[in-house]
Amino acid sequence: MQQYIVGNWKMNGTRAEATGLAKGFTQKLLEADRPLPYIILCPSHPYLDLVHALIKNTPILLGAQDCHHKEHGAFTGDVCAQQLVDVGVHYVLLGHSERRHGHLESDTLVQNKVKTALTQKLHTIVCVGENKEERTSGKAIATVISQIENSLPSDAKAELLLIAYEPVWAIGTGLTPTLEDIERMHGAIRHTLSQRFSGGGVIPILYGGSVTASNAKNILSLPHVNGVLVGGASLKLDDFWSIIEASTE
Ligand SMILES: O=C[C@H](O)COP(=O)(O)O
């Protein structure tokens, strides 16, 4: 399976910085001499249009960081899936822990968002992950499997779904699970997806949480890891490019 390298810029950057990064990646693509993974950039909403214009004739794909669960309407400050598609978005992150805020954005809300995004044929990256307490009390796998079971619509089309496993305690901290723990979790997720969805065996499962140019190769070499979701390191041109180059074919 071709791997996925997703850069989540979160609420960072300016117009000038977004332009610099997008132009930098397109230039690196021109110089690349090896097969590349799927590369997806997820800027903040105000810069989607700008980044789309800069990457539109390249293999880089555009992602958004969230969308509303309703198709349209009086929801001040929100953005709907149809608007994302309208500005060239192909992927959307849903249920990121920074939006779940513990349980403020519930599994049910995430599931409703997923339904709406899939209706618009957006590739939907559903984020799941345990917090520190759930990890130390031995509940990490049960927590993540429960999030998957409750965040995915039972009739979801497997071909538009991706899962990102992001332990909350690893995000932005420089901490990562051991390779064995990542592999064990991804194996459990794969088992659940295969049982629950026809075609679930092919849903890509990404790892996220303090992925860097130094640890990407080992993580991306794990059999059940189909890509990475990168936060901080995706804002640094050379670091993100090193992570792209660490992908396996
Ligand atoms: O969406 C990305 C993740 O939250 C990981 O962020 P990080 O790479 O800064 O730890």
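**Exercise 1. The annotated active site**

Determine which residues carry the UniProt feature "active site", and describe where they lie.

*Solution.* Step 1. The unreviewed UniProt entry places the feature "active site" at His96 and Glu166. In sequence these residues span 71 residues, yet no two of their C-alpha atoms are more than 8.4 Å apart, so they gather at one spot. The model used throughout these exercises is a predicted one.

Step 2. Histidine 96 belongs to the loop between β4 and α4 (97–100). Glutamate 166 is located in the loop between β6 (161–165) and α8 (179–196).

Step 3. The criterion for a buried residue is 20 or more other C-beta atoms within 10 Å of its own. Histidine 96 has 26 such atoms and is therefore buried. Glutamate 166 has 27 C-beta neighbours inside 10 Å, so it also counts as buried.

Step 4. Residues up to four places away in sequence are left aside in the contact lists. Histidine 96 then touches Gln65 and Cys127. Glutamate 166 is in contact with Ser97, Cys127, Gly129, Ile171, Gly208, Gly209 and Leu229. Cys127 thus appears in the list of histidine 96 and in that of glutamate 166.

**Exercise 2. Strand β4 and its partners**

Establish which side chains lie on each face of strand β4 (residues 91–94), and whether they are buried or exposed.

*Solution.* Step 1. In a regular strand the side chains alternate between the two faces of the sheet. In β4, Tyr91 and Leu93 are on one side, while Val92 and Leu94 are on the other. All of these residues are buried, which leaves both faces of the strand covered.

Step 2. Strand β3 (residues 61–64) runs parallel to β4 and is joined to it by 2 bridges. Within this pair, glycine 63 stands opposite tyrosine 91. Between β3 and β4 the chain passes through helix α3 (residues 81–86), and the resulting β-α-β crossover is right-handed.

Step 3. Strand β5 (residues 123–128) is also parallel to β4, with 4 bridges between them. Here leucine 93 faces isoleucine 125 of β5.

**Exercise 3. Strand β1 and its partners**

Characterise the burial of strand β1 and identify its pairing with β2 and β8.

*Solution.* Step 1. In β1, 5 of the 5 residues are buried, so the strand is largely enclosed by the rest of the structure. Tyr4, Val6 and Asn8 point one way, and Ile5 and Gly7 point the other way.

Step 2. The pairing of β1 with strand β2 (residues 38–42) is parallel and comprises 5 bridges. Asparagine 8 has cysteine 42 as its bridge partner in β2. The connection from β1 to β2 runs through α1, forming a right-handed β-α-β crossover.

Step 3. β1 also pairs in the parallel sense with strand β8 (residues 227–230), over 4 bridges. Opposite tyrosine 4 stands glycine 227 of β8.

**Exercise 4. The annotated binding site and the ligand shell**

Determine which residues carry the UniProt annotation "binding site", and which residues come nearest to the ligand.

*Solution.* Step 1. According to the unreviewed UniProt entry, the "binding site" annotation covers Asn8, Trp9, Lys10, Gly172, Ser210, Gly231 and Gly232. They span 225 residues in sequence, but no two of their C-alpha atoms are more than 13.9 Å apart, so they gather at one spot.

Step 2. Tryptophan 9 is in the loop between β1 (4–8) and α1 (15–31). Its 22 C-beta neighbours inside 10 Å mean that tryptophan 9 counts as buried. Beyond four places in sequence, tryptophan 9 touches Cys42, Pro43, Ser44, Ser234 and Leu235.

Step 3. Lysine 10 is likewise in the loop between β1 and α1. Lysine 10 has 19 other C-beta atoms within 10 Å and is therefore partly exposed.

Step 4. There are 14 residues around the ligand, of which Asn8, Ile171, Gly208, Gly231 and Gly232 come nearest. Sorted by class, this shell contains 5 nonpolar, 8 polar and 1 charged residues.

**Exercise 5. The environment of isoleucine 55**

State whether isoleucine 55 is buried or exposed, and list its contacts.

*Solution.* Step 1. Isoleucine 55 is part of helix α2 (residues 48–55). Isoleucine 55 is buried because 20 other C-beta atoms lie within 10 Å.

Step 2. With residues up to four places away in sequence not counted, isoleucine 55 touches Ala22, Thr26, Leu41, Ile60 and Leu62.

Step 3. The separation of isoleucine 55 from valine 128 is 73 residues in sequence and 29 Å in space, C-alpha to C-alpha.

Key
Residues numbered from 1 in each chain as written. Predicted model: local features only at pLDDT ≥ 70, side-chain atom pairs only at ≥ 80, totals over all residues. Buried ≥ 20, exposed ≤ 12 C-beta atoms within 10 Å, placed from the backbone. Pairing = 2+ DSSP bridges. Right-handed = clockwise from strand over helix to strand, strands pointing away. Near = placed C-beta within 6 Å. Nonpolar A, V, L, I, M, F, W, Y, C, P; charged D, E, K, R; others polar. Contact = placed C-beta atoms within 7 Å. UniProt positions renumbered as here; feature names shortened; annotations may be inferred.
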